[in-house]
Amino acid sequence: MFRKSLFRFSTYNFINVTQKGKVALIQFNRPKAMNALCDGLIKELNQVTQEIDANPEYGSIVITGNEKAFAAGADIKEMQDKSFPQVQNIQMLASWENLTNIKKPILAAVNGYALGGGFELAMMCDIIYAGENAKFGLPEITLGTIPGCGGTQRLIRAVGKSKAMEMTLTGEFIDAQTALSYGLVSKVVPVQNLVDEALKVAEKIASFSKPVAALIKDTINEAENIGLREGVKYERKAFYSTFATQDRKEGMSAFVEKRKPSWTDN
Ligand SMILES: CCCCCCC[C@H](O)CC(=O)SCCNC(=O)CCNC(=O)[C@H](O)C(C)(C)COP(=O)([O-])OP(=O)([O-])OC[C@H]1O[C@@H](n2cnc3c(N)ncnc32)[C@H](O)[C@@H]1OP(=O)([O-])[O-]
């Protein structure tokens, strides 16, 4: 498969970034630390996802780790000696949720461990695919702390109260099939096929109108913040706004004229 290096002028210490067509593939690259999320990795991830979001060449993003670990959580060694005033004063996690501001659809392709912050990061993505060996968990309680990047809030919305409580209060991991049965992941595939499967879907998503895909992403994510009545109003406004785009006109005209649409992202 042809992949070329993305953003040739940037060098990264903790991630690799490659391109396939309209998809950017971001791979965590701290194999000796199970891809633990250190501050430097998060800075690089924030920088590159913002660059991709602003670059009209790209329509979607796949984030992955390696076969052993997607990411085993925030870097415990980095946090070990920090005090309460330190983490509060520097607002340690303030920028760690920047991923949720990215407008382009993001797929997490999870092989191996997605624990703590790694699992939280996967839940910030729009779609999760899991390799057969994936393990998901929020083991923060075993470290004397709690999830700090949306884990409690996103997990309950994804799986309901009893399962969210069970996972966070015991710190136990669930496997890929259990994650599938909980509705946490969309698909479980063999480990070696995972990234290609995720890229295939990401390419399909990237082939549509980018502003329309961004509206769908935004509208679905908004459902996690507001109630049904407000959500339906929000969706309707977004629907109406597609009538201000050329791509809406093109999509409907192409259907009527029995041809393939040609998207211009306008
Ligand atoms: C997007 C925003 C995210 C923000 C998150 C903020 C808040 C968050 O909620 C808090 C956390 O995530 S709290 C974290 C929650 N996560 C956890 O509690 C999971 C902690 N990790 C584990 O439980 C085990 O390592 C595994 C079960 C993953 C693998 O077991 P295994 O196969 O026997 O392998 P092994 O021999 O154990 O590890 C190999 C090497 O990797 C090293 N390393 C691994 N994880 C690390 C980490 N997080 N850190 C640093 N290093 C970590 C390990 O020390 C060792 O290095 P050494 O120099 O050779 O000693």
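The following exchange concerns a predicted model and takes up its confidence, cysteines, strands and aromatic rings.

Biologist: What is the mean pLDDT of the chain?

Modeller: The model is predicted, and it scores ipTM 0.97 and pTM 0.95. Of the residues in the chain, 96% reach a pLDDT of 70 or more. The mean pLDDT of the chain is 95.

Biologist: How many disulfides does the model count?

Modeller: A disulfide requires two cysteine sulfur atoms within 2.5 Å. The closest cysteine sulfur to that of Cys38 belongs to Cys149 and is 14 Å away, which is too far for a bond. Cys125 is likewise in no disulfide, as its nearest cysteine sulfur, again that of Cys149, is 12 Å away. The count of disulfides is zero.

Biologist: Is Cys125 buried or exposed?

Modeller: The cut-off for a buried residue is a relative accessible area under 20%. For Cys125 the relative accessible area is 8%. Cys125 is therefore buried.

Biologist: Which strand pairs with S8 over four bridges?

Modeller: Strand S8 spans residues 127–131, and four of its five residues are buried, so the rest of the structure largely encloses it. With strand S11 (residues 187–189), S8 pairs in the parallel sense over three bridges, and Gly131 stands opposite Val189 there. On the pairing that has four bridges, also parallel, Leu107 stands opposite Ile127 of S8. The strand asked for is S6, residues 106–110.

Biologist: What is the geometry of the aromatic pair formed by Phe28 and Phe70?

Modeller: Phe28 belongs to strand S3 (residues 23–28) and Phe70 to strand S5 (residues 69–71), so that the pair links parts of the chain 42 residues apart. Both rings belong to buried residues, with relative accessibility of 3% for Phe28 and 0% for Phe70. The ring centres are 5.5 Å apart and the planes meet at 65 degrees. As planes over 60 degrees apart fall in this class, the pair is edge-to-face.

Biologist: Which residues form one aromatic cluster?

Modeller: The model counts five aromatic pairs, and rings pair if their centres lie within 6.5 Å. One cluster of such rings is formed by Phe239, Tyr240 and Phe243.

Biologist: Which residue lies over the face of Tyr182?

Modeller: A charge sits over a ring if, among other conditions, the NZ of Lys is within 6 Å of the ring centre. At Tyr182 the distance from the ring centre is 4.9 Å. The residue over the face of this ring is Lys163.

How values were computed
Residues numbered from 1 in each chain as written. Predicted model: local features only at pLDDT ≥ 70, side-chain atom pairs only at ≥ 80, totals over all residues. Heavy atoms only, no water. Buried < 20%, exposed > 50% of the residue type's maximum accessible area, 1.4 Å probe, protein only. Helix = DSSP H or I, 4+ residues; strand = E, 2+ residues; numbered from the N terminus. Pairing = 2+ DSSP bridges. pLDDT = per-residue confidence, 0-100. Phe/Tyr/Trp six-rings, centres within 6.5 Å; stacked < 30°, edge-to-face > 60°. Lys NZ or Arg CZ within 6 Å of the ring centre and 35° of its normal.
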